[in-house]
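Student: Please give me a close look at a single part of this structure: the interface between its chains. I am new to it and would value one connected account.

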Amino acid sequence: MTRYTLYIAVALWLAILAGLKLLVRPPMPASVLMIYMTLSTLGILVFVAANEERFGNFIAPLRAVFEGRAPRLVQVLVLAGIPLLLAWGAWLRTAPSSDAPFEPRVVHPEPPASFALHGRRIETAGLKNPLRVPDAAQLEKNTAEGKVIYYRNCFFCHGDTLRGDGHFSGAFSPIPANFRDVGTISMLQESFVFWRVSTGGLGLPRSATPWNSAMPVWQTMLTEEEIWKAILYIYAGSGSTPRTWEEEPKK
Amino acid sequence: MKAMTSLFQRRGRRDAEIAEKCTVQSKIVESVFSASSAPLRQKRFLVVLVSMMIGGAFAADAPKVQTEPVKGTPVAADFEAGKKLYRRWCSQCHGDAGKGDGPAAEFVYPRPRNFTTAIFKVRTTLSGQLPTDHDLFDVISKGLPGTAMPAWEKYLPENDRWQLVHYVKTFDELGLFKEEPAKEQVVVDAPPKITPELIAKGKDLYQKKKCWQCHGQQGRGDGPSAAGMKDEWGFPIRPVNFTKSWRFRGGDRLEDIYRTFTTGFNGTPMPSFVDAIPAAEDRWALAAFVKSLARLQKSGQVLKAGFIGGEIPTDPYAKAWEEAEPFDFPLAGQIIQEPRWFKPMHDVITVRALYNDREIAILLEWDDGTNNKGEGGKPPDQVGLQLPAGAAQDGGKPYFLLGDARHAVDLWRWNPAQGLSRATANGAAKEKPAEAGGVLAQGSYKDGQYRVILRRPLGKVSPGDTAIVPGEFMPIAFQLWDGDNGEEGMKMSLSTWYYLLPQPATPLTAYLWPSGLGFLALGGEVWLLRRMRRKDK
C-alpha cells in the first residue's frame, strides 16, 4: 500500500481537478479553479510531509528515478516529462486567451425598498397579490386570464411548459428563467416577482447586469392587474407556490 | 381567407371551383385536376406539380411508390383524458375547437394549424391523403422545427401523446378520418450510405427536376418562383432554405427529407415528387444532395478577428474572407419594447472579422430569399451592427436594445437602397443620425444571400467612436430586418451583447516564459541527478 503513496496523491489531485471541471455547473472561471487547485496541491503536500515515513514513501518513486534504479524508460519519461509539464502549464497561462471576460451576475439581487409603477411609488415590503383570493372559483378565473396573458406575452421566452425554453429563448443570454426550477419563482415572494416583472431587466441593479437581460419592462405593456394575473399563472402553471411573508426562507 | 376555409368544408364542391381558388400562384405550378372519378382526398389538394416534370399524362390513382399497410394504434382513445391534455397544452395555440385560433395564434409564424379541415404536412401517406396515427404521434412528439410547435416528447409521456393524437382527430369536421382513413403508407427503406457520387447525382436531379425554381440554385429558398406564394390556408409561405436544416418541419435526417418530398406537404406548394421522380434511388440521391447543403452552426460568445498583413479585401467573396473563421449569432424577434415583433424571418447572422494595422472590417452574411430594395411598398432589407458609443465610465454596458439613458450605442446600418447610415441612440425612441466618420460599407446580394462589409479605422476618427484595440474585448450586437416580411424600425430580429476581439499576434514573451521554465526545470534535474548518483557511488 505505502508503495503507492505518490500515485494515490497524484490520482487524488487529478480527481479533484476533474470534479471541479466536470461537475460544477455553470463552469467556474479559470482564476477560481486556479485558487482551488493551488489549495488542493498545498493540502496534499502538507498532509504528505506531516509524517516522515509517509513522506519517504511519497518520494521513493522519484528517488528511484533520480538515483537511476528505475527502469530506463521510466527514467526518460519522468525526466523529460517534468520540464515539459511545467512549460505546458506556463504556456496555458501566457498564451493569449480569447474566452469572453467573466461577467459575474447576481441572479436574485436585493429588491429595492420601493419602486416606480405607472407613475406611483410602490413599497416592496408586505406587497401581496390582490388577485390571490380565497374564493376558489374566482381564483381559477383570475389564473385562467393569467394564462392568456402568459401565452400572448411571455411564452416566447419562458416556454410552453414554463421551462424557460420558448422558441426565442436561444438567442438571449442570460437565458429566460425556468419557472419549474426550484431556484426561481418557488423560492421567491410574490412581491419580489412583481417587482421583477414590472421593472424587467432594466430595473435590475448593476450587480445583476441589467444591460444584458432581455426580460421586458412589463409595466410599459401591461396593467398592474394583468401583471398580478400573469404571476398567478406562472405559479399555477409550473405547479409551484410563492414563498410567503410569514414563512421562513425555504432551504 | 374565411371564404377559403369554408370552401374546403363543403364536400360537394366542383373541381373547377377549387382550381379558381387555388392559392398557389407560382408560375411554374400547373394544377391538373383529374376528372370526377378520383376520390375526394386526391382532389382536395390543388398542388399537383406536373407539367414541367413529367410533361405528360399523370394518373393520380396509380402511385409509383411502394407502400405497406398502416400499423395499428397501440393506445385506445380516452376522450376525457385527451380533452384535458389538449386544453392544458394545445388550445392556447390551436384553439379550444381546433380552429387554429387560440390566444397565442396571432403571435406566431407560421400560424398554428386549423385541424377542422384535416390537412397535415408531415406524413408517410401519399399526397392528398390523411396522416396515419403514427404520423400524428411522431409530429406531436418531434414538433415542427422552425415553428412555435414544440417537440412534446420533451414534456409529455408517450401515453398522453397518443391521447392527443385521438383528440386532434375529433376536430375533423368532414369526418374524413372515419370515412377515408389512410390504409397504406409509403415504405421508407434503410437510407443508403451518403457518397460523393450520390450527392452529385442528386445535384443533377435538383437541376433537372427544377427544385431550384422554388428553392434556389444554392438552396437558399430564393428561386424565381419563391416570392409571393401562399399556402392553402391563405397565409404567405416560403420555400425552405436548405442550408438551415434545423428548420425542416419534417426533420433533417436523410430519411426525413426523402419522406418529405416523396409524400409532399399537404396544404403547401411543396408537392409530392413520386410521379416526377419515380425511382427510389433517385429520390435518395436528391435527399442526399439536399442534406449536403446544410450548414452547421458555430456559435460562441466571441467574434474573433484575425490579423492579416496588407489590405483587407473589399470583395466579400475574396479568398481572405473565405478563410476567415465564421461565427453564427442566433437572433430573436424584438418582443421587448413596443412595437413588438413576434414573427421575424431571420433567426441567425453569420459574421467574420479581419483587421490589419490600420483598420478592422466585419463581414455580415445572411440568407434572404428576396432582395428588397424598398420598392413595391415594402421596406428595404437591412442589417445593423451595434457597439457602445464611447467607453462606459461606470464599467457597465449600454442596454443591448439600442442603449439606455446613461449609455449610448453606436449603430452602423446598411441597406440596399441607401447604403450605409450611422446613428447613435440612448434608447429606442432616442436615436440621432450621425456622420459616417471613418465607417465604410460595401454590400452585395447573390444567390439568396447578402454579404455586407463594414469597416472602420482602429483608432478614433469621429467623436462617437470607441477605439478598437487588438487584444481587447469590445461589446458588439447585431440586428436584421427582412423587408419582404414588412420589417422596419423596431420590427426586427436582434441579438444580445457578444464580444468582438481582434486577436493580437502572440507576443514573444508568451513563448519565453514556458521555455524558460522548462529549461530551468531541466537544469534542476541535471543538478539533482548528478548529486544523487554521485552520492550513490
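Tutor: In the names used here, a helix is a DSSP run of H or I with at least four residues, a strand is a run of E with at least two, and both are numbered from the N terminus. The model is predicted.

Let us begin with the extent of the interface. On the side of chain B, 57 residues are in contact with chain A, and they meet 54 residues of that partner. The two chains bury about 4,700 Å² between them, and carbon and sulfur atoms account for 65% of this area.

Next come the polar links. Between chain B and chain A, 16 residue pairs are in polar contact, with both residues at pLDDT 80 or more. The rule also finds one salt bridge across the interface. It joins the side chains of B:Lys397 and A:Glu103, with 2.9 Å from N to O.

Which elements of chain B form its side of the interface? At least two residues each come from α5 (79–89), β3 (302–307), β5 (332–333), β16 (498–502) and α15 (508–536) of chain B. Of the elements in chain B, α15(B) gives the most to this side, namely 15 residues. By residue class, the side of chain B that touches chain A holds 35 nonpolar, ten polar and twelve charged residues.

Two of these contributing strands, β3(B) and β16(B), are also paired with each other: they run parallel and are joined by four bridges. Within this pairing, B:Leu303 has B:Leu500 of β16(B) as its bridge partner. Strand β3(B) also runs parallel to β6 (residues 348–355) of chain B, to which three bridges join it. There, B:Gly306 is the bridge partner of B:Leu354 in β6(B).

From β5(B), another contributor to the interface, the chain can be followed to a backbone feature. The loop between β5 and β6 of chain B contains B:Pro339. The peptide bond that leads from B:Glu338 to B:Pro339 is cis, with omega near -10°. Most peptide bonds are trans, and most residues other than glycine have a negative phi. Chain B has a case of the latter kind of exception as well: B:Ala118 has a positive phi, near 55°. B:Ala118 lies in the loop between α6 (91–94) and α7 (133–142) of chain B.

The partner, chain A, completes the picture. Its domain assignment gives domain 1 (2–94) and domain 2 (114–247). The centres of these two domains of chain A, taken over C-alpha atoms, are 50 Å apart. Chain A also has a cis peptide bond, between A:Ser173 and A:Pro174, with omega about 5°. A:Pro174 is in the loop that connects α6 (155–158) and α7 (190–199) of chain A.

How values were computed. Residues numbered from 1 in each chain as written. Chains lettered and ligands numbered in written order. Predicted model: local features only at pLDDT ≥ 70, side-chain atom pairs only at ≥ 80, totals over all residues. Heavy atoms only, no water. Contact = heavy atoms within 4.5 Å. Buried area = accessible area lost by both parts, 1.4 Å probe. Salt bridge = Lys/Arg side-chain N within 4 Å of Asp/Glu carboxyl O. Polar contact = N/O pair within 3.5 Å; in protein donor to acceptor, adjacent residues only side chain to side chain. Nonpolar A, V, L, I, M, F, W, Y, C, P; charged D, E, K, R; others polar. Pairing = 2+ DSSP bridges. Domains from an automatic or database assignment.
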